[in-house]
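Here's a quick walk through the voids, the odd backbone spots and the overall form of this structure. Have the viewer open as you read.

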Amino acid sequence: MPQDMPPVGGYGPVQYKRNLPARGFRPIYYLLGMGAIVTYGWYKLFHGVREKNELAREKIWSRIHLIPLLQAEEDRDQVRRYYADKAREKELLGTDTKVYNSDRFIRPTFTYTPAQVTK
Amino acid sequence: MPDHIPKVDEIGATSAPLMSASYFIGDRCRAFNDDYMKCKAEANGRGELECLKEGRKVTRCAASVIKDINTHCLDQFNAHWNCLENNNHRLFECRAPEMKLNNCVFDKLGLKKTIPGAPEGDTPVHLRPKQLNSIEHSGKNQW
């Protein structure tokens, strides 16, 4: 029995490639476009950060100008309480005790609150 | 207050008016403020008791600024601090009223807002018409 042989002249070419059209631009252009967008974003961010720094400087100086004023008010109140405390002690105990072995002004941990506030 | 300490009227202003007036207080009262802070720093922990005199000067000076602004620029002042009050105390949302207040205070009282340490050659941030960080006026001119 004769063996099966290829046809005379060989087989025809086999189509193994898909024949799809390449859409859009070349990839390098997408990369460049992305780079342009990112650069623009960084540029805006740069100026935004610079301005934020200046705004922070403005805010901190507005507070620095107020600190002595607020501190003076608070200190006066502390001193008023301090002398009132001493007077109260003098009245109740008749002595003038020093609690701390130091001349520094020490903010009291507990403060006296009047038991009956009537106005 | 005990009798041996002279009385002084407290400033009695809330945060927004104080913030609005802060640069003018800083301009007029710089010497008193520095004096007081120096006294406190050098008083060896007794500043509360020993710097009361300097403290009274600070308060009187600041009160004089507030009083002068109230007499001469009350409308602009009210507009600006109300704007601050409504904008979470963000100065950059209130540039338009601030500009009016600054001009009025400079004309009438001669006090000028300058931000120490700002880079030379740049427009100071409070004079830029476009506030990049402003949400309400996002990127638009405020005046």
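Helix α1(B) makes the largest contribution to the lining of the largest cavity, giving four residues. Keep in mind that this is a predicted model. The cavity in question holds about 60 Å³ of space, and a search of the whole structure turns up one cavity of 30 Å³ or more. Its lining is made of Met19(B), Ser20(B), Tyr23(B), Phe24(B), His80(B), Leu91(B), Glu98(B), Leu101(B), Asn102(B) and Lys113(B). Two elements give two or more residues to that lining: α1 (15–42) and α5 (95–108), both of chain B. By class, the lining of this cavity splits into five nonpolar, three polar and two charged residues.

Now for the open sites. The largest pocket has about 890 Å³ of space in it. It is lined by 29 residues, and those closest to its centre are Tyr82(A), Asp85(A), Lys86(A), Ile106(A) and Pro108(A). Which helix gives the most to the lining of the largest pocket? That would be α1 of chain A (residues 27–93), with nine residues. The lining of the largest pocket counts eleven nonpolar, six polar and twelve charged residues.

The second largest pocket comes in at about 350 Å³. Of its 17 lining residues, the ones nearest the centre are Lys59(A), Ser62(A), Arg63(A), Met19(B) and His89(B). So both chains show up here by name, and the helices tell a similar story: α1 of chain A and α1 of chain B each supply at least two residues of this lining. The largest share, ten residues, belongs to α1(A). In terms of chemistry, the lining of the second largest pocket has nine nonpolar, three polar and five charged residues.Met19(B) is worth a second look, since the name appears in the lining of the largest cavity and also among the residues nearest the centre of the second largest pocket.

His89(B), another of the residues nearest the centre of that second pocket, has a backbone quirk too. Although it is not a glycine, His89(B) has a positive phi of about 60°. Its neighbour in numbering, Asn88(B), also has a positive phi, near 60°, and is likewise a residue other than glycine. For background, most residues other than glycine have a negative phi. Where do these two sit? Asn88(B) is placed in the loop between α4 (74–86) and α5 of chain B, and His89(B) lies in the loop between α4 and α5 of chain B.

Are Asn88(B) and His89(B) buried or exposed? Asn88(B) counts as exposed because its relative accessibility, 61%, is over the 50% cut-off. His89(B), at 24%, counts as partly exposed. The table sets them beside two helix residues of chain B.

| Residue | Relative accessibility | Class |
|---|---|---|
| Asn88(B) | 61% | exposed |
| His89(B) | 24% | partly exposed |
| Arg30(B) | 38% | partly exposed |
| Ala63(B) | 28% | partly exposed |

The helix residues come with some handy distances. Arg30(B) is found in α1 of chain B. From Arg30(B) to Ala16(B) is 14 residues in sequence and 20 Å in space, C-alpha to C-alpha. Ala63(B), in contrast, belongs to helix α3 (residues 52–72) of chain B. Ala63(B) and Ile25(B) are 38 residues apart along the chain, yet 8.7 Å separates their C-alpha atoms.

Back to chain A, and its overall form. Chain A has one helix and zero strands. Its radius of gyration is 43 Å, well over the 14 Å that the globule rule gives for 119 residues, so chain A is more spread out than a compact globule. The C-alpha trace of chain A spans about 135 × 45 × 40 Å along its principal axes.

The surface numbers for chain A are these. Buried residues account for 14% of its 119 residues. Chain A exposes about 10,900 Å², with carbon and sulfur atoms supplying 59% of that area.

Finally, there's a record to set beside the coordinates. An unreviewed UniProt entry annotates residues 28–46 of chain A as "transmembrane region". What does the model have over residues 28–46 of chain A? The chain there is 100% helix and 0% strand, and the end C-alpha atoms lie 27 Å apart.

How values were computed
Residues are numbered from 1 along each chain as its sequence is written. Chains are lettered from A and ligands numbered from 1 in the order in which they are written. This is a predicted model: local features need pLDDT of at least 70, side-chain atom pairs count only at pLDDT 80 or more; totals for chains, interfaces and linings use all residues. Side-chain values use heavy atoms; hydrogens and water are left out. UniProt positions are given in the numbering used here, feature names are shortened, and annotations may be inferred rather than shown by experiment. On a 1 Å grid over the protein atoms alone, a cavity is a set of points where a 1.4 Å probe fits but cannot get out, and a pocket is an open set with protein on both sides within 12 Å along at least five of seven lines; lining residues have an atom within 4 Å of a point. Grid points are joined across faces, edges and corners, and a volume is the space filled by probe spheres set on the points. Ala, Val, Leu, Ile, Met, Phe, Trp, Tyr, Cys and Pro count as nonpolar, Asp, Glu, Lys and Arg as charged, and the others, Gly among them, as polar. The radius of gyration is taken over C-alpha atoms; the globule rule is 2.2 Å times the number of residues to the power 0.38. Buried means under 20% relative accessible area, exposed over 50%, partly exposed in between (1.4 Å probe, protein chains only). Accessible areas come from the Shrake-Rupley method with a 1.4 Å probe; for residues, only the protein chains shown count as cover.
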